[in-house]
Amino acid sequence: MPLYAFFHGKLVLLSEAKIGVMTHSLHYGTAVFEGIRGNWNSEQRQLYLFRLKEHYHRMHEGCQVLKIDLPYNIDELCQITVELVEKCGFQEDSYIRPLAYKSTEAVGVRLHDLECDFLVFAFPWGPYLDMDKAKCCVSSWRCPQEVPRAKLAGLYINNALAKTEATENGFDEAIMLTSEGYVAEGSGENIFLVIDGKLITPASYNDILMGITRDTVIKLAENELGIETMERPVYRNELYTADECFLTGTAANITPVAEIDRRKIGTGEIGEITRKLQEIYSDVIRGNKPKYRDWCTPVYKKSGI
Ligand code: PMP
């Protein structure tokens, strides 16, 4: 099945969407990206895009930081994305990668006097952390301090260093600390702990990306399980002694953490609250809970493609 991209203002084959070697963002990381999930509902034969508007809202904020003037508003970006995914015709879980970037072919570190462009492509993709429970380590790479918290391409270099260090040392994912030594987040996920029946997660001022899955989990825990979330600085030590731990992200969904720095978390199995949240989340993102249907954008006009 051919894959497509929206590139230079129109839908083209993904294999034909190419940029020049001098493109500014390739050299200096001057781009803002997003990751959006398409979740397949096999009974309804429908693909739902989860919290599409929120993703483009966050992208718009990143563009504001990088002085990228997007030629599309949030509604237009949503529309382009639905048309792209509809054209791809996926009947499985998939992933959508929008990118707003400095497109001028020019050398020189700056943000001004550069053209911008927007592209988006999509492909079938199952779970990102492809295991039922993850083994993590605390990374020797820390989150950069005093940088804008947005999905800016150039900001991801420490995350890439952390992920590869973790993988080469036999772990599935890295947990990064802030420069003060508090827990921040995974290389591509936010982190939650369960302590005494409550959820704890690093606060907005702990150098984290404000994840859309993080926000979803906080709301679902409150509404569906009556569990409150405390957003506060988290000590490294609390990682080891928590009853449960899990990672959240668009790509990773809710991934339970079994082990951190070779210490079992709780029983080392998937915790009770984590499992409940996973079940609720999986229903919500597939459009199975009418209460949360506003978060789900159907791609196919008629179900049963
Ligand atoms: N932190 C980082 C560093 C990420 O890259 C991501 C993935 N976008 C997240 C957290 C989770 O964010 P979201 O739930 O919006 O995907």
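# A tour from the ligand outwards

The residues of the shell around the ligand divide into two nonpolar, nine polar and three charged; here Ala, Val, Leu, Ile, Met, Phe, Trp, Tyr, Cys and Pro count as nonpolar, Asp, Glu, Lys and Arg as charged, and the others, Gly among them, as polar. You are looking at a predicted model, where local features need pLDDT of at least 70, side-chain atom pairs count only at pLDDT 80 or more, and totals for chains, interfaces and linings use all residues. Residues are numbered from 1 along each chain as its sequence is written.

**Stop 1: the ligand.** Select the ligand and the 14 residues that surround it (a residue is near a molecule if its C-beta atom, placed from the backbone, lies within 6 Å of it). Leu-209, Gly-211, Ile-212, Thr-213 and Thr-250 are the closest. Helix 5 (212-225) and strand 14 (244-249) are the elements that give two or more residues to this shell. Helices (H or I, at least four residues) and strands (E, at least two) are DSSP runs, numbered from the N terminus. Which element supplies the largest share of the shell? Helix 5 does, with three residues.

**Stop 2: helix 5 and helix 7.** Keep helix 5 selected and add helix 7, residues 272-285. The two pack at an angle of about 105°, with their axes 10 Å apart. Axes are lines fitted to C-alpha atoms, for helices over the stretch in contact, and angles run from 0 to 180 degrees between N-to-C directions. That angle makes helix 5 roughly perpendicular to helix 7 (under 35 degrees counts as roughly parallel, over 145 as roughly antiparallel, 65 to 115 as roughly perpendicular and the rest as oblique). To see the contact, show Thr-216, Val-217, Leu-220, Ala-221, Glu-224 and Leu-225 of helix 5 with Lys-276, Leu-277, Ile-280, Tyr-281 and Val-284 of helix 7. Two residues are in contact if their C-beta atoms, placed from the backbone, lie within 7 Å. Colour this contact by class and you will find eight nonpolar, one polar and two charged residues.

**Stop 3: the two domains.** Now colour domain 1 (4-124) and domain 2 (134-285); such bounds come from an automatic or database domain assignment. Their C-alpha centres lie 26 Å apart. Where they meet, 23 residues of domain 1 are in contact with 10 residues of domain 2. Helix 2 gives the largest share of the domain 1 side, six residues.

**Stop 4: helix 2 and helix 3.** Finish by selecting residues 52-65 (helix 2) and 74-88 (helix 3), which pack at an angle of about 125° with axes 9 Å apart. This makes helix 2 oblique to helix 3. Among the residues in their contact are Tyr-56 of helix 2 and Leu-77 of helix 3.
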